[in-house]
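Here is a friendly walk through one model, with the cut-offs given as they come up. Please have the sequence and the 3D view ready.

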Amino acid sequence: MIEQLIRQVREAKESAQQRDALICLRREIKKEEERKAFCAAVGDDRAFLIALLDSEDPKVRKNAALILGETGTQEAFPVLLEKYLGEETLFIRADYLKAMAHLDCAPGLDALRESMEKLDETEPKEDTRKHLMEERTAMRRLLSAYETPGKHVFSGYDRVSEVILVTNRQQPEATRRQVKTGTVVPMALGLRVKDPDIRELMQIRTWSEMLFPIPGARALKGSAREVARGILAMKTAEYLEQLHAPGGSFYFRLEIKGPMDPAGRADFVKRLCACLEEESRGRLRNAAGSYEVEIRLLLRKDGSFLPMLKLFTLKDERFAYRKESTAASMSPVNAALAAQLALPYLKEGAQILDPFCGSGTLLIERNHALRADPIYGVDIFGEAVEKARKNAEADGCRIWFINRDFFEFTHEYLFDEIITELPRLSGEEEGASMETLCRRFFEKADTHLRTGGVMVICCSCRQLLGRIASESSVWEVREQYELSEKSGACVMVITKTKIKNC
């Protein structure tokens, strides 16, 4: 098949025949095996394709260029660059760039960058806008492979008027009471902090995201181009430049938060990113992989978008220790929140045990909330214990991890605290098995916790735990903090009031 198509391309007398054969050939070489067959068949003889770049038929030039690029024909690069720079047919200019993107473009970077500058300076007309946008997008993608995104450094600590801390919706107060500087206003996402101390906020471990409202931001509606123009009219690029050093384009990704048809969302995001690049004249550049900024659009009930920024130039190192995790690992923010909620019941220097420690996150966050010593973590899964050891070492936290079934664990002295996330059972294990687990847990915990000691339990079965605790005079439920109404996740604080059977 491949050899037949190559022969048709070589022997075609009319451009229409060449065009049809090239289109079929290009479709075939998208398959890896067929591409290998093409390279084997033609060897180093690609001159017949290079010659087609002089064809009078623009579609012949287009497909010949793409085949040369997609088959890695490096010797064609100088000709492709020359033809691109001289190409007057707008709809195929982007295809030359797509072809060259497969090759080493280093020898022609100066010419390509100069062409990019001219593209950014060109005011598109309505009848040429589509092709010009495609060319700009193709050029930026090509050049991005030779640039280093992430060159900006956040320097606007004293130039931010407000930020939004995204917190647990049920427990924003746990974060609010840690904010000492600025004015805090509750909102649906969490907390709006006016006149913030960014360095102080970066030490608080219970928020999940920090968003930067664009000064003067307003809700936007309309087409992708109208929304792009609205975002730029708020001086978004200027605000980013104000908060960073040095200058240059900002690489961004775009995210829409809110219910939206997936197909419609993907198409709108694609068009909006292209419009932002075009309308900003390259000050904002879309980069799906290596971005510095996320432009977050919050979809409102009336269909409008409220734009905000999330900055990846502001390094969040709160959970840098988290080198390893398992599928069941607790998120660091939730672990920090659990420790913060239970803080009034915790004691500095306490002796602590986590019977189901997993990768160690909850113990590490408990130690960040209030220093403890000694700290023990037990888990039946050896892989989780190994990961926990690595995380604790990265945090500089001394924890004794033991690979053992908690129900077979023994220890010579009693603990001041037990803090844990109960294992989650599913399918046939639910129901009666969960109750069995909880009853065994209480029985076993009683043998390890001193009288007056505290248990901090993260779970989704608070009614069951509350019922079991109430059946005994040993335990008293002191607090129940809901984390998710939907899943029932909560943090329970239970104290041991006396020795069993006394």
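## Helix 14

Helix 14 covers residues 262-279, 18 residues in all, where helices (H or I, at least four residues) and strands (E, at least two) are DSSP runs numbered from the N terminus. From first C-alpha to last, helix 14 reaches 25 Å, close to the 26 Å expected at 1.5 Å a residue; the expected span is 1.5 Å times one less than the number of residues. After helix 14 comes R281, with a positive phi near 55°.

Which residues of helix 14 are buried? They are F268, V269, L272, C273, A274, C275, L276, E277 and E278; buried means under 20% relative accessible area, exposed over 50% and partly exposed in between (1.4 Å probe, protein chains only). These buried residues pack against helix 9 (129-144) and helix 12 (224-233), as well as strand 7 (250-257), strand 8 (284-286), strand 9 (293-299) and strand 10 (305-311). Contact here is heavy atoms within 4.5 Å.

## How the model was read

This is a predicted model, in which local features need pLDDT of at least 70 and side-chain atom pairs count only at pLDDT 80 or more, while totals for chains, interfaces and linings use all residues. Residues are numbered from 1 along each chain as its sequence is written, and side-chain values use heavy atoms, with hydrogens and water left out.

## The open sheet

An open sheet of 7 strands follows the order 13-12-11-14-15-17-16, with mixed pairing; two strands pair if DSSP finds at least two bridges between them. Strand 13 (400-403) and strand 16 (475-482) are at the edges with a single partner strand each, so one side of each has no neighbour in the sheet. From one strand to the next, the twist averages 15°.

Strand 16 pairs with strand 17 (residues 490-496) in the antiparallel sense over 7 bridges, and Y481 stands opposite V491 in strand 17. Helix 17 (residues 382-395) packs on the sheet, touching strand 12 (375-379) and strand 13, and its direction makes about 170° with that of strand 13. Helix 19 (residues 462-470) also packs on the sheet. Helix 19 touches strand 15 (449-459), strand 16 and strand 17, at about 165° to the direction of strand 16. Axes are lines fitted to C-alpha atoms, for helices over the stretch in contact, and angles run from 0 to 180 degrees between N-to-C directions.

## Strands 2, 3 and 4

Strand 2 (residues 162-166) and strand 4 (residues 190-194) run antiparallel, joined by 5 bridges; V166 has G190 of strand 4 as its bridge partner. Strand 3 (residues 183-186) also runs antiparallel to strand 4, through 4 bridges, and V184 is partnered by V193. Strand 3 and strand 4 make a hairpin, with 3 residues between them.
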